[in-house]
Amino acid sequence: MSAPSPASAVQSALARDKLGTLSLLHFSLTAATPLTVIAGGVVVMFAVAGQIGIPLGYVIIAASLLLFSVGYTAMARHIANAGAMYAFVARGLGRIPGVAAAWVAATSYCALQVSLYGYLGYVAQGLFASIGLDLPWWAFALVAWLLVGLLGTRAVDINAKVLAVLLTVEVAVVLVFSVSNFANAADGVSFGAFSPTALSGEAAGAVLALAVIGFIGFESPTVYGEEARDRKRTVARATIATVLILAFIYIVSSWSIITAAGDDNVVAAATADFDLMFSLAGDQLGPVWETVGRILLLTSVTAAALSFHNTTARYLFALGREQVVFSWLGRTSVRTCAPVAASATQTVAGGLVIVLWAVLGLDPVVHLFYYLGTASGIGLIALILTCGIAVIVYFARDRRDESAWAARIAPVLAVLAMAGVMYLSVIHFHTLLGVEKGSLLPKLVPIVFAVLALLGAGWGLFLKRARPEVYAGIGHGAKAPLVQAAERAAVPVGAASER
Amino acid sequence: MPDAPTPRLVYDAFLITAYHDFYKPAVAPRVIGLALGAALLAELVFSGHLAVRPHEGKDFVLAEKRGGPPRDSLGLWLSELVQGEPASLAVPEWLEYLAISDTQTKTAEHMVVAGLMIRGEQRSRWLGKVQTTYDAADALIAQAPLARLRRYLSSMDRRMPLLDAFLLALTESVGLSKSLYSQMPSGAREYAEGHLRVLPAPLQAIRGHLTAAVADTAITGNL
């Protein structure tokens with residue numbers, strides 16, 4: 001049985017159906033929502049960090065993620081279920097750390113998605129109040145929650161079409177606003193934002209952690225590895241292009257805001273007005289553009305909520321298929337083949353948080369969007385770091401014909417960079433949350449993730465002893481039943497309990 | 001394994017996955033293609049025209065030389081395709097190929113000739129586009145495969161034939177477990193599991209790859 005010839009009729013038909021770099025880029029970019037990151041994140045970063053080094057922060061994170069992507073996409077070529085980072089951990093570091101990573105990942109994605117309802121409620125409340133409809137934030141959040149919940153049970157391709165339209169309009173508006181900012185520079189175009197001194201002190205970790213969140217979604221092209229035209233090149237190109245495109249948008253737009261407000265004034269302006277981006281657009285282009293921007297921000301946050309909803313549902317679905325968590329999470333909708341049980345679970349979690357926050361009278365921006373969003377950022381940085389270590393260990397065992405750059409050098413550099421980001425984020429987490437140094441909350445978040453990881457590892461250990469066939473399928477996602485069946489066939493009846 | 005003169009398994013798979021009635025929905029179009037592909041492969045394995053053999057961690061589909069060619073056009077089409085390939089392809093590649101080769105229409109046309117389906121035309125209201133539709137010639141016959149599986153599960157008094165056991169596995173793999181097990185007596189799942197566990201290795205491999213392909217569809221949305 002030799003390798004299939006490319007001249008075969010079946011292979012040719014399959015090749016025509018494969019996805020190219022642009023198609024993969026389309027899917028990964030729809031997972032990103034640049035307007036939410038810039039209007040909701042960048043302006044807040046100026047205010048929280050009290051520094052102008054945000055564009056430099058994006059440069060550092062983009063460089064770190066580019067290094068990470070080299071090893072990540074190289075390993076993706078050799079493993080199944082390459083869309084989920086916990087699968088990399090399971091294959092690189094072992095199944096028990098894999099389950100620990102899966103628990104942290106699922107919780108982080110879930111928290112990040114739920115946090116967006118707070119910002120969404122806040123944005124919608126302001127927008128509708130301006131036309132005389134004065135309702136509490138949670139009412140708007142619940143409407144969006146219902147919409148996302150319904151779309152989440154539809155097939156992924158429908159969601160991708162909705163997200164693609166929103167993304168195109170968003171990027172166009174962000175670029176228009178950025179060009180306008182540069183054209184209306186307060187003190188000429190300054191490069192002060194890229195000076196190393198522009199990003200220092202206790203706020204540096206906060207900026208870097210927030211910058212990482214903006215890139216989440218860059219990892220998604222690996223999901224389509226098996227459908228890619230050239231598994232070796234297409235996925236790597238799409239992943240790296242995603243990081244570069246997002247970096248370009250974030251760096252240019254954050255730099256443009258500094259340019260328009262002035263190096264010395266941008267922090268004060270952002271602190272006084274969280275809607276600085278739209279206020280600048282209103283002053284420069286007219287009130288219509290400001291309104292357009294605000295409306296698009298609402299659709300952008302909704303798109304972000306939908307995008308992260310899909311990501312979380314996919315994670316939970318894969319874990320359900322592996323029976324690492326409740327197996328019913330692996331159920332699909334008969335008509336649409338969407339991961340309906342996982343999607344419904346995420347919807348229930350979101351609904352509970354919105355209701356709880358509303359009942360307790362907590363602030364939607366500070367206590368939901370900011371606290372939960374930044375906390376999930378810590379979990380995601382830890383996940384990327386662990387995944388990077390898994391890549392190093394995986395290729396240390398066998399380089400599998402990958403270059404030294406892809407298998408050794410880039411992964412080591414990426415781990416060093418991400419470890420630095422992780423360290424700064426954790427020790428500066430109080431700045432990120434806007435609370436006093438030494439207070440309980442900043443300590444609580446890393447502890448919660450550590451406990452989750454320990455519980456996950458404990459569960460992995462239990463599966464190893466009690467259910468070896470389930471344990472064998474960890475990290476294989478959709479293909480777990482195949483691995484589990486092979487394990488069952490290999491183990492005589494009754495032998496499992498003797499292990 | 002005996003010869004299969006008509007593609008009975010693929011007909012049953014069509015009626016279970018593509019035909020919708022009050023009791024059971026049709027599954028997603030891509031999943032129908034995957035399921036029909038799996039049924040066709042399984043049928044040709046069962047009739048001895050194809051074999052599935054593991055090699056270096058992959059399950060390859062191979063043409064079997066013994067006996068004459070399949071007597072039905074669907075089986076003949078696939079077995080000639082397998083024979084025409086310069087190198088053996090794995091089960092997932094065949095499932096993928098059969099899913100994009102409009103196996104649903106090919107099967108429906110085959111069933112029209114067999115008198116099981118009726119071809120019709122439907123003009124869309126807004127675009128005026130004409131679409132070919134396939135309806136069951138007899139609603140009771142259309143419901144028969146699922147009813148037969150449910151009868152086995154409810155009585156649990158006799159051994160299921162091998163092809164029906166595979167059909168049961170296929171029905172589970174495409175996500176129709178609820179239609180299968182709804183209101184079944186306790187022990188039905190264990191009875192089914194007992195049959196599925198002893199499926200021959202080639203059919204187990206096809207079943208496993210079908211399940212994985214359906215799950216992949218749920219994750220990627222076949223984008």
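**View 1. A:Cys337, a buried residue in a loop of chain A.** A:Cys337 counts as buried because 26 other C-beta atoms sit within 10 Å (the cut-offs, with C-beta atoms placed from the backbone: buried at 20 or more other C-beta atoms within 10 Å, exposed at 12 or fewer, partly exposed in between). Its home is the loop between α13 and α14 (340–360) of chain A (helices are DSSP runs of H or I with at least four residues, strands are E runs with at least two, and both are numbered from the N terminus). Phi is positive here, about 65°, although A:Cys337 is not a glycine. Most residues other than glycine have a negative phi.

A quick note for all views: this is a predicted model, where local features need pLDDT of at least 70, side-chain atom pairs count only at pLDDT 80 or more, and totals for chains, interfaces and linings use all residues. Residues are numbered from 1 along each chain as its sequence is written, while chains are lettered from A and ligands numbered from 1 in the order in which they are written.

**View 2. B:Glu56, an exposed residue in a loop of chain B.** What is the phi of B:Glu56? Phi is near 50°, again a positive value in a residue other than glycine. B:Glu56 sits in the loop between β1 (50–55) and β2 (58–63) of chain B, and it counts as exposed, with 6 C-beta neighbours inside 10 Å.

**View 3. Helices α7 and α10 of chain B, packed together.** α7 (residues 162–173) and α10 (residues 201–220) meet at an angle of about 15°, with their axes 9 Å apart (axes are lines fitted to C-alpha atoms over the stretch in contact, and angles run from 0 to 180 degrees between N-to-C directions). α7(B) and α10(B) are therefore roughly parallel (angles under 35 degrees; over 145 is roughly antiparallel, 65 to 115 roughly perpendicular, the rest oblique). On the α7(B) side the contact is made by B:Phe166, B:Ala169, B:Leu170 and B:Ser173; α10(B) brings B:Leu203, B:Arg207, B:Leu210, B:Thr211 and B:Val214 (contact: C-beta atoms, placed from the backbone, within 7 Å).

**View 4. A:Ile381 in the largest nonpolar core.** This core has 251 residues, and A:Ile381 is among those with the most contacts inside it, along with A:Leu120, A:Val207 and B:Ala35 (a nonpolar core is a set of buried Ala, Val, Leu, Ile, Met, Phe, Trp, Tyr and Cys residues joined through C-beta atoms within 7 Å). Helix α6 (residues 95–129) of chain A gives the most to this core, 21 residues. Leaving aside neighbours within four places in sequence, A:Ile381 touches A:Ala209, A:Val212, A:Met418, A:Val421, A:Met422 and A:Ser425.

Technical notes
Contact = placed C-beta atoms within 7 Å.
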